[in-house]
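Please open the structure in a viewer and keep the selection tool at hand. The tour below proceeds stop by stop, stating what to select and what is found there.

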Amino acid sequence: MPFYRFSELSRKEMVSVAHGSVFVLPIGATEQHGPHLPTGVDAMVVTYIAESACQAAGEVTSVVVAPTLPFGNSHYHLEYGAALSLTPETLLHVRNDILFSAAQSGFCKIFILNGHGGNDEVIRLAVREVVRRYEVTAAAVSYWTIAESALTDAGLISSDWPVPGHAGRFETSLMMALRYDLIKQLPVANAEHRRGFVDYFRGAFYQEPHTQVGVNGYTDDANGANDEYGEKALSIITRAVNNYIQGMAAVRASRNRESVQTKYEN
Ligand SMILES: [Zn+2]
């Protein structure tokens with residue numbers, strides 16, 4: 001059972017694989033990640049996880065991974081500069097359009113893998129809408145959420161290791177594992193950073209002005225980040241995503257191949 005990249009398939013190949021495959025759309029963001037990490041962190045990390053998980057899932061089921069959507073809702077980063085952001089309204093339209101296109105291309109199992117906190121709300125709206133309009137099964141999750149219990153069991157989440165945070169110890173460790181060459185001098189955190197990510201009111205979505213991304217654009221002290229942690233976390237997350245894809249593959253398809261229209265001749 002193979003793993004495919006959407007962008008490497010011809011239209012004829014797409015017709016033969018779409019109906020029986022899980023379509024995976026990774027989504028990231030392009031935004032400042034403190035003074036020490038590049039703007040592409042979220043897109044790079046989610047691309048790595050999606051590709052690795054899809055390759056592993058491809059050993060037991062058929063899976064097609066789409067090109068990563070590199071832009072997300074990052075407007076609250078604009079005050080720091082270095083962001084390319086879509087408004088939530090635009091982002092929802094973009095998500096809808098891509099998912100509708102996937103449905104019209106013949107896929108009936110759709111999975112969004114998110115790598116940026118600011119996209120979290122919109123991905124669920126997009127799932128509701130594509131399932132309402134098309135005979136498809138769809139799911140969406142952020143990579144840290146899908147792996148939260150496994151990361152906790154492995155001792156990788158604690159008050160010293162807030163997950164995911166923003167450009168703090170966790171993301172810096174992931175980047176050390178993936179692209180050490182892109183990391184600049186780690187900033188010296190202040191007392192506010194050491195206090196950790198604003199988390200007073202667990203259970204509610206809580207925001208304060210000018211602290212939406214912590215202090216000075218990052219949420220917690222990146223010092224202490226290490227590639228060993230990063231590699232361990234990435235492998236646990238990849239396994240959780242792989243399991244989820246295999247679970248979706250096992251769900252019965254919600255529509256017949258005949259209901260998919262294609263309007264061209266080979
Ligand atoms: Zn990030």
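**First stop: Ser101**

Select Ser101, which is partly exposed, because its relative accessible area is 41% and the range for that class runs between 20% and 50%. The model under view is predicted. Ser101 has its place in helix α3. Now add Val130 to the selection: Ser101 and Val130 are 29 residues apart in sequence, and their C-alpha atoms are 9.8 Å apart in space.

**Second stop: helices α3 and α4**

Next, select residues 88-104, which form helix α3, together with residues 120-133, which form helix α4. At what angle do these two helices pack? The angle is about 40°, and the axes are 9 Å apart. The helices α3 and α4 are therefore oblique to each other. Their crossing is right-handed. To display the contact, show the side chains that make it: on α3 these include Pro88, Leu91, Leu92, Arg95 and Leu99, and on α4 they include Val122, Ile123, Ala126 and Val130.

Remain with α4 and colour its buried residues, which are Asp120, Val122, Ile123, Ala126, Val127, Glu129 and Val130. Against which elements do the buried residues of α4 pack? They pack against the strands β2 (22-27), β6 (109-114) and β7 (137-142), and against helix α3.

**Third stop: the zinc ion**

Select the zinc ion and display the residues that coordinate it: His33 through NE2, Asp42 through OD, and Glu171 through two OE entries, at 1.9 to 2.8 Å. The angles among the 4 donor atoms run from 52 to 139°, and the site is irregular. In sequence, the spacing of the donor residues is H-x8-D-x128-E. His33 lies in the loop between β3 (30-31) and α2 (41-57), while Glu171 lies in helix α7 (residues 169-179), so this pair ties together parts that are 138 residues apart in sequence. Are His33 and Glu171 buried or exposed? Both His33 and Glu171 are buried.

**Fourth stop: Val17**

Finally, select Val17, which lies in helix α1 (residues 11-18). Val17 counts as buried because its relative accessibility is 10%, and the class covers values under 20%. Which residues is Val17 in contact with, leaving aside its neighbours within four places in sequence? They are Tyr4, Leu9 and Val64. Add Phe107 to complete the view: Val17 and Phe107 are 90 residues apart in sequence, and the C-alpha to C-alpha distance between them is 8.6 Å.

Conventions: Residues numbered from 1 in each chain as written. Predicted model: local features only at pLDDT ≥ 70, side-chain atom pairs only at ≥ 80, totals over all residues. Heavy atoms only, no water. Donors = N, O, S within 2.8 Å, 3.2 Å for Na, K, Ca; no water. Tetrahedral: all angles 85-135°; square planar, octahedral: opposite > 155°, others 65-115°. Helix = DSSP H or I, 4+ residues; strand = E, 2+ residues; numbered from the N terminus. Buried < 20%, exposed > 50% of the residue type's maximum accessible area, 1.4 Å probe, protein only. Axes fitted to C-alpha atoms, helices over the stretch in contact; angles between N-to-C directions. Parallel < 35°, antiparallel > 145°, perpendicular 65-115°, else oblique. Left-handed = near helix turned anticlockwise from the far one by under 90°. Contact = heavy atoms within 4.5 Å.
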